[in-house]
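Please look over the structure shown here and follow the report below, which moves from one residue to its surroundings and then to the chain as a whole.

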Amino acid sequence: MIFKWNRGYNWGDIHRIIKLTDKLSDIRVILKHNKELESIIEERIKRLNEYS
């Protein structure tokens, strides 16, 4: 599931989305800036390689 939230969304909506994805909280990623995405992906790949 991918939700894109921006300043135009109602703050109540983001809280509803977080509650909706609570079951996935261990893999859920909330970014403040798109620039964070690359480091998150690299970190996840590194963890996957450690388990392989």
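V29 counts as partly exposed, because its relative accessibility is 35%, a value that falls between the limit of under 20% for buried residues and the limit of over 50% for exposed ones. All of this is read from a predicted model, and the values that follow are computed from that model. In the chain, V29 lies in the loop between α1, which covers residues 11–20, and α2, which covers residues 36–51.

Which residues does V29 touch, once residues up to four places away in sequence are left out? The contacts of V29 are then with I40 and R44. For V29 and I40, which are eleven residues apart along the chain, the separation of the C-alpha atoms is 8.3 Å.

V29 also takes part in a nonpolar patch on the surface, which it forms with L31, L37, I41 and I45. Together, these residues have about 370 Å² of accessible area. V29 can belong to such a patch because patches are made of residues with over 30% relative accessible area and no salt bridge, and the relative accessible area of V29 is 35%.

Charged side chains form another part of the picture, since the structure holds two salt bridges. They are set out in the table below.

| Salt bridge | Distance, N to O |
|---|---|
| R28 and D22 | 3.6 Å |
| R47 and E43 | 2.8 Å |

In the pair of R28 and D22, whose side chains meet in a salt bridge, R28 is partly exposed because its relative accessible area is 28%, and D22 likewise counts as partly exposed, with a relative accessibility of 43%.

How far apart in helix α2 are the partners R47 and E43? They are four residues apart, which means that about one helical turn separates R47 from E43. R47 counts as partly exposed at 35% relative accessibility, while E43 counts as partly exposed at 41%.

R28 has a further link, for its side chain is joined to that of T21 by a polar contact of 2.9 Å. T21 is found in the loop between α1 and α2. Is T21 buried or exposed? T21 is buried, because its relative accessible area is 8%, and buried means under 20%. The side chain of R28 therefore takes part both in the salt bridge with D22 and in the polar contact with T21, where the partner T21 is buried at 8% and the partner D22 is partly exposed at 43%.

In helix α2, S39 offers an example of a side chain placed beside the backbone. A polar atom of the side chain of S39 lies 2.9 Å from the backbone oxygen of E36. S39 counts as partly exposed, because its relative accessibility is 42%.

Turning to the chain as a whole, the secondary structure comes to two helices and zero strands. Of the 52 residues in the protein chain, 6% are buried, and T21, with a relative accessible area of 8%, is one of the buried residues. The protein chain exposes about 5400 Å², of which carbon and sulfur atoms supply 55%.

Note on methods. Residues numbered from 1 in each chain as written. Predicted model: local features only at pLDDT ≥ 70, side-chain atom pairs only at ≥ 80, totals over all residues. Heavy atoms only, no water. Patch = residues over 30% accessible without salt bridge, like charges linked within 9 Å, V, L, I, M, F, W, Y side chains within 5 Å. Areas by Shrake-Rupley, 256 points an atom, 1.4 Å probe, with all protein chains shown as cover. Salt bridge = Lys/Arg side-chain N within 4 Å of Asp/Glu carboxyl O. Buried < 20%, exposed > 50% of the residue type's maximum accessible area, 1.4 Å probe, protein only. Contact = heavy atoms within 4.5 Å. Polar contact = N/O pair within 3.5 Å; in protein donor to acceptor, adjacent residues only side chain to side chain.
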